[in-house]
Amino acid sequence: MPNVSLNDPISPTQEEMELAKVSSRQLAACPHEDLRVQIGDTNEVIVLPGAAVRILNDTLAAMAEGDAVAMIPIRAELTTQQAADLLGVSRPFLVKQMEEGLIPYRKVGTHRRVLFSELMRYRRSAAEQCTRNLEELTALGQEMDMGY
């Protein structure tokens, strides 16, 4: 599988944030339907599949909040630096997680590559473990009558 070049996230301007807010509200009414879109002042119309409309609406909602957005194909292969940046961790920490078997990867020559889908699986698993740890700490605090 080829390595995917990730585009820099797009940060919306104030004007784009306002337009995104209005557009996302309008699209929210039809998130599961195909959408017919007229191209500019022409009579040309394209049809967007319902799944694309949902993705577009999520993107617009993020832009309305001022969030930068980027699109990554689920089957994208990432470098360790790209993966670390997406997780918000250091590259050495990510490599350690890979070598401990927590994140599957493959080697291309001497370089490691990780599938975006595997990275997201790891992130979900780590978040679930964090939630379990917090619940255990809360229960322990209640047992010790620490007022949590």
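This passage walks through the overall build of the protein and then turns to one residue, Arg91. The structure is a predicted model.

A good place to start is the fold as a whole. The protein contains 5 helices and 5 strands. Read from the N terminus, these elements follow the order α-β-β-α-β-α-α-β-β-α. The C-alpha trace extends over about 65 × 55 × 30 Å along its principal axes. The radius of gyration is 21 Å, whereas a compact globule of 148 residues would come out near 15 Å.

Packing and surface can be taken together. Of the 148 residues, 24% count as buried. Among contacts with a separation of 6 or more, 53% join residues that are 24 or more positions apart. The accessible surface of the protein amounts to about 10500 Å², and carbon and sulfur atoms supply 54% of that area. As for charge, there are 15 positive and 21 negative side chains in the protein, and a distance of 9 Å lies between the centres of the two sets.

Arg91 offers a closer look at a single position. This residue belongs to helix H4, which covers residues 91-99. Is Arg91 buried or exposed? Arg91 is classed as partly exposed because its relative accessible area is 36%, a value in between the limits of 20% for buried and 50% for exposed. Once neighbours within four places in sequence are set aside, Arg91 is in contact with Thr80, Gln81 and Ala84. Arg91 can also be placed relative to Arg123: the two are separated by 32 residues in sequence and by 15 Å in space, C-alpha to C-alpha.

Terms used:
Residues are numbered from 1 along each chain as its sequence is written. This is a predicted model: local features need pLDDT of at least 70, side-chain atom pairs count only at pLDDT 80 or more; totals for chains, interfaces and linings use all residues. Side-chain values use heavy atoms; hydrogens and water are left out. Helices (H or I, at least four residues) and strands (E, at least two) are DSSP runs, numbered from the N terminus. The radius of gyration is taken over C-alpha atoms; the globule rule is 2.2 Å times the number of residues to the power 0.38. Buried means under 20% relative accessible area, exposed over 50%, partly exposed in between (1.4 Å probe, protein chains only). Contact means heavy atoms within 4.5 Å. Accessible areas come from the Shrake-Rupley method with a 1.4 Å probe; for residues, only the protein chains shown count as cover. Lys and Arg count as positive and Asp and Glu as negative; His and the chain ends are not counted. The place of a charge is taken as NZ of Lys, CZ of Arg, CG of Asp or CD of Glu.
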